Amino acid sequence: LAAKKPQMDQLKEQIQTAKKAQVLLLEEKVILEKEQTVTEVSKRIESLETEVSELCKQEKELESIVKIKDAAEEAYGILKQLQEKEKLLKQQENEQKRLQEKLTAARAAYEKAQKDADEKRRRYEEADVRYKKAVIGIAAKLVKAGEPCPVCGSMEHPHIAQISEEVPDEKQLEQWKKEAEKSRAEADRCYERQLPDRGRTLQGL
């Protein structure tokens with residue numbers, strides 16, 4: 001037993017050394033595991049940082065897209081307004097053209113009615129003058145030399161009136177007068193009808 005004591009002591013020492021080595025190995029294992037965890041965490045952090053950076057980049061791109069979308073919607077709204085204004089201007093232009101054509105036609109109708117009224121008025125006035133002269137001529141037929149004039153009572157008759165060959169009767173004269181008055185009224189109506197359109201044309205609708 002005494003001979004084996006050194007061997008036992010050596011064995012105990014080896015066991016102690018082995019235990020210490022085991023502890024060191026365990027500590028080393030823990031340290032390695034911790035280092036591995038730190039490495040994995042670092043890698044995860046790097047991955048997350050990359051992901052965050054990519055997300056921030058995408059966010060900026062989305063913000064840019066939103067701004068572009070807002071600008072496009074605003075431009076579209078302005079375009080719609082301009083199109084509506086253009087449509088309204090075209091409608092006003094067409095209405096202005098229509099009123100101008102209507103006014104031109106009304107003016108032509110008025111000028112024609114005015115001319116017709118003037119002609120009928122002149123016809124009536126000339127006929128009226130002829131009629132009055134004819135009345136005087138009829139009275140002149142009653143004038144006899146040496147007798148007083150039935151109209152003025154004068155005893156002298158140097159210029160006895162003559163009866164015109166074409167003399168309208170009183171009925172014809174009255175008819176022409178009515179036609180002249182009717183034509184004048186029609187000309188006035190033609191003039192009044194064009195006043196509203198003329199006002200709208202001058203005001204540009």
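Is Arg123 buried, partly exposed or exposed? Arg123 has a relative accessible area of 30%, so it counts as partly exposed. Keep that residue in mind while we walk through the rest of the molecule, which is a predicted model.

Let's start with the overall layout. The protein has 2 helices and 0 strands. Helix α1 covers residues 5–141, and helix α2 covers residues 170–202. Take contacts between residues at least 6 apart in sequence: 74% of them join residues at least 24 apart. As for the surface, the protein exposes about 17200 Å², with carbon and sulfur atoms supplying 56% of that area. Buried residues make up 12% of the 205 residues.

Now for the inside. The largest nonpolar core is made of 5 residues: Tyr124, Ala127, Leu173, Trp176 and Ala180. Helices α1 and α2 are the elements that each give two or more residues to this core, and α2 provides the largest share, with 3 residues. Pick out Ala180 from that group and look at its neighbours. Leaving aside residues up to four places away in sequence, Ala180 touches Lys120, Arg121 and Tyr124.

A little further along, Ser183 sits in helix α2. Is Ser183 buried or exposed? Its relative accessible area is 6%, and the cut-off for buried is under 20%, so Ser183 is buried. With residues up to four places away in sequence left out, Ser183 touches Ala113, Asp116, Ala117 and Lys120.

Next, back to Arg123 and its partner. The side chains of Arg123 and Glu179 meet in a salt bridge, at 2.4 Å from N to O. Why does this pair tie together parts that are 56 residues apart in sequence? Glu179 lies in helix α2 while Arg123 lies in helix α1, so the salt bridge links those two parts. Glu179 has a relative accessible area of 25%, so it is partly exposed.

That pair has company, as the structure holds 9 salt bridges. Some are found inside a single helix. Take Asp188 and Arg184, whose side chains meet in a salt bridge at 3.8 Å, N to O. Both residues lie in helix α2, 4 residues apart, which is about one turn of the helix. Asp188 is partly exposed, with a relative accessible area of 35%, and Arg184 is partly exposed too, at 30%.

Another pair in helix α2 is Arg189 and Glu186. Their closest N and O atoms are 2.7 Å apart in a salt bridge, and the two residues are 3 apart in sequence, again about one turn of the helix. Both count as partly exposed: Arg189 has 39% relative accessibility, and Glu186 has 29%. Elsewhere, salt bridges with shared partners join Asp118, Arg184 and Asp188 into one network.

Arg184 is worth one more look, this time from the other helix. Gln114 is found in helix α1, and its side chain makes a polar contact with the side chain of Arg184 at 3.0 Å. Setting aside residues up to four places away in sequence, Gln114 touches Arg184 and Ala187. So what does Arg184 take part in? Its side chain has a polar contact with Gln114 and a salt bridge with Asp188.

Methods: Residues are numbered from 1 along each chain as its sequence is written. This is a predicted model: local features need pLDDT of at least 70, side-chain atom pairs count only at pLDDT 80 or more; totals for chains, interfaces and linings use all residues. Side-chain values use heavy atoms; hydrogens and water are left out. Buried means under 20% relative accessible area, exposed over 50%, partly exposed in between (1.4 Å probe, protein chains only). Contact means heavy atoms within 4.5 Å. A polar contact is a pair of N or O atoms within 3.5 Å; within protein, one must be able to donate a hydrogen and the other to accept it, and residues adjacent in sequence count only if both atoms are side-chain atoms. A nonpolar core is a set of buried Ala, Val, Leu, Ile, Met, Phe, Trp, Tyr and Cys residues joined through side-chain atoms within 4.5 Å. Accessible areas come from the Shrake-Rupley method with a 1.4 Å probe; for residues, only the protein chains shown count as cover. A salt bridge is a side-chain nitrogen of Lys or Arg within 4 Å of a carboxyl oxygen of Asp or Glu.
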